[in-house]
Amino acid sequence: MSASAVHSLWTIAADPISKIDTPKIEYAQLSPTLIVVGAAIVGVLIEAVVPRKSRYYAQVFVAVVALIASFAAVVALAAGGYATTKSGIAAMGAIAVDGPALFLQGTILLTAIVGLFTFAERRLDPAAHGNRVDSFAAQAASVPGSDSEKAAVKAGFTTTEVFPLLMFAVAGMLIFPSANDLLTLFIALEVFSLPLYLMCALARRKRLMSQEAAVKYFLLGAFASAFTLFGIALLYGYAGSVSYGTIARVVDGTVAEVTPALANTMGNDALLLVGAALIVMGLLFKVGAVPFHMWTPDVYQGAPTPVTGFMAAATKVAAFGALLRILYVVLPGLRWDWRPVMWAVAIVTMLGGAIIAITQTDIKRLLAYSSIAHAGFILAGVIATTPDGVSSVLFYLGAYSFVTIGAFAVVTLVRDAGGEATHLSKWAGLGRRSPLVAAVFAVFLLAFAGIPLTSGFAGKFAVFKAAAEGGAAPLVVVGVISSAIAAFFYIRVIVLMFFSEPRPEGPTVAVPSPLTMTAIGVGVAVTLVLGVAPQYFLDLASQAGVFVR
């Protein structure tokens, strides 16, 4: 073989040292998420190392400290100007640190702190075998009704794994609205969905119903994740990148250099439209918008009530944040394509949630359909495509999340021999039996209905005003009609509680520990403060309403 033939078998490599850049990670800007992930890992280690007697206290302590520290980090970043002048892209283009991201992360962390108090409640059920019990199964791995389950209950076991699971879910939720490329978005989606699927299956009472809810949520969630992933693949095929900014520039036609391969795919609008539709479908599933809402009532009813409250509040905040970023940062050039579709989704969601809720006889299912109607109201703000639209959605999410957690915390208090009494007929005359609990629940229901002097009114007013100014006036009319329909079933529950005769065999109201009292108290306080004096918080949301690209 000649020397020239041998030489043609290889090429001279470029100097490898100069090509690979070392990753540059801005740890300070990512600190809120890193603190929560660290606490989740510590929680897993506590399960492995700490004796069973002390685990509950160790887990609650670690989780509370981490969530407060993470919230302090968000506030420090916002105070340092990262919400306004210094906002930028961190972690090599994977995470956006800007106003909406920090506002939503702060809301998720506050919601998680309040939700954590309901998770840690151990005084509602009568003590089993001399041990205080919580809302979660004694031993999740044992078959419902089996001998091993009875032995676990007798031994006083508690499922303290819910605390690290909660922390992993929060970590995923913190990344979800701030993701700046599609792969980070998908990983965050899975990181917060998987712990939620697990926690839905852990109810102490009605375990089979709880496991059924978890399986439904898991299967439908897997479908939604698959849609999202397929949409990501198509958008990558269209733009040759998963980065939000690059995709947006390709959609707008302002991309710097067009390679022949990119020129081929850029002309193919089918990739873009189908890919965008699939990603938005995955996000609408998480939000619980019609027609992707089928999982909501079953999962809300079957999951342990503390999990339902946390999930209803925090998942909505994270998913709407991600939806806003996709529509406003990645697809503003497609506005004329996605607005009519979102109009239709918002109208069907508002009316569907409100009308089906009227027929419900279970309080948790009623709140589930109510949350579907609220998703429609928030979508009205998303459709506005103005800075006011973003800030009104941020405000609504903040207000809504506290009302939701407070309402579900009250549901945990009304109990009979079988656990929580969620059938509406059992709530008759509750206002005479325990006026304070009924009055607090009435405040939350009035806020859901959007009655003035509650946070619900301020939120709805802001969203509808933004939608009207954004040219979606017919949508506002539908929204007001849906609100009127929804007000009927909220006020029906209030009438049932205060103006019906209590049944002799009716449920009792458990006396909670200071943890649940704090959760409910915070919910009432936020509901009234945001209703009476919303201006400061509206200004805060409008300052935080600018996305970085």
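These are legends for an overview and a set of close-ups of one predicted chain.

**Figure 1. The whole chain, with 23 helices and five strands**. Start here to get your bearings. The radius of gyration is 25 Å, close to the 24 Å that the globule rule gives for 549 residues, so the chain is as compact as a globular protein of that length. Along the principal axes, the C-alpha atoms fill a box of roughly 100 × 60 × 40 Å. Buried residues make up 58% of the chain. Of the contacts with a separation of 6 or more, 80% are between residues 24 or more positions apart. The accessible surface is about 21,700 Å², and carbon and sulfur atoms own 71% of that. As for charge, there are 33 positive and 27 negative ones, and their mean positions sit 8 Å apart.

**Figure 2. Confidence, from helix α1 to helix α7**. The predictor is mostly happy with this chain: mean pLDDT is 90, and 97% of residues reach 70 or more. The low point is helix α1, residues 3-7, with a mean of 54. At the other end of the scale, helix α7 (residues 162-175) has the highest confidence, at 96. A word of caution for the first of those: where pLDDT is low, the predicted coordinates should not be read in detail.

**Figure 3. Pro306 and Ser135, a helix residue and a loop residue in contact**. Pro306 belongs to helix α14, while Ser135 comes from the loop between α5 (99-119) and α6 (147-155). Both are tucked away: Pro306 counts as buried because its relative accessibility is 3%, and Ser135 is buried too, with a relative accessible area of 18%. Setting aside residues up to four places away in sequence, Pro306 touches Thr118, Phe119, Ser135 and Thr412. On the same terms, Ser135 touches Glu121, Leu202, Ala203, Arg204, Pro304 and Pro306. Look for Phe117 as well: 189 residues separate Phe117 from Pro306 in sequence, yet their C-alpha atoms are 8.9 Å apart.

**Figure 4. Thr315, further along helix α14 (residues 305-330)**. How accessible is Thr315? Its relative accessibility is just 2%, so Thr315 counts as buried. Beyond the residues up to four places away in sequence, Thr315 touches Met173, Phe192, Leu196, Lys286 and Phe310.

**Figure 5. Met342 in helix α15 (residues 335-358)**. Here's another buried side of the story: Met342 has 2% relative accessibility. Which residues does Met342 contact, leaving aside its neighbours within four places in sequence? The list is Val280, Leu284, Leu323, Leu327, Leu379 and Ile383. Don't expect Ala213 in this view, though: Met342 and Ala213 are 129 residues apart in sequence and 28 Å apart in space, C-alpha to C-alpha.

**Figure 6. Helix α10 (residues 244-252) and what covers it**. The buried residues of α10 are Tyr244, Gly245, Ile247, Ala248, Val250 and Val251. As a reminder, an α-helix has 3.6 residues a turn, so residues three or four places apart point the same way. The cover over these buried residues includes α8 (182-200), α9 (207-239), α11 (260-266), α12 and α14. Just after the helix comes Gly253, with a positive phi near 85 degrees.

**Figure 7. Two positive phi values outside glycine, at Ala91 and Leu453**. Ala91 has a phi near 55 degrees and lies in the loop between β1 (88-90) and β2 (95-97). Leu453, whose phi is about 75 degrees, lies in the loop between α19 (435-449) and α20 (455-469). Buried or exposed, where does Ala91 fall? Ala91 is buried, with a relative accessible area of 13%. Leu453, on the other hand, is exposed, at 57%.

**Figure 8. A cis peptide bond from Val290 to Pro291**. Omega for this bond is near 5 degrees. Pro291 sits in the loop that runs between α12 (269-287) and α13 (295-302).

Definitions and conventions
Residues are numbered from 1 along each chain as its sequence is written. This is a predicted model: local features need pLDDT of at least 70, side-chain atom pairs count only at pLDDT 80 or more; totals for chains, interfaces and linings use all residues. Side-chain values use heavy atoms; hydrogens and water are left out. pLDDT is the predictor's confidence in each residue, from 0 to 100. Helices (H or I, at least four residues) and strands (E, at least two) are DSSP runs, numbered from the N terminus. The radius of gyration is taken over C-alpha atoms; the globule rule is 2.2 Å times the number of residues to the power 0.38. Buried means under 20% relative accessible area, exposed over 50%, partly exposed in between (1.4 Å probe, protein chains only). Contact means heavy atoms within 4.5 Å. Accessible areas come from the Shrake-Rupley method with a 1.4 Å probe; for residues, only the protein chains shown count as cover. Lys and Arg count as positive and Asp and Glu as negative; His and the chain ends are not counted. The place of a charge is taken as NZ of Lys, CZ of Arg, CG of Asp or CD of Glu.
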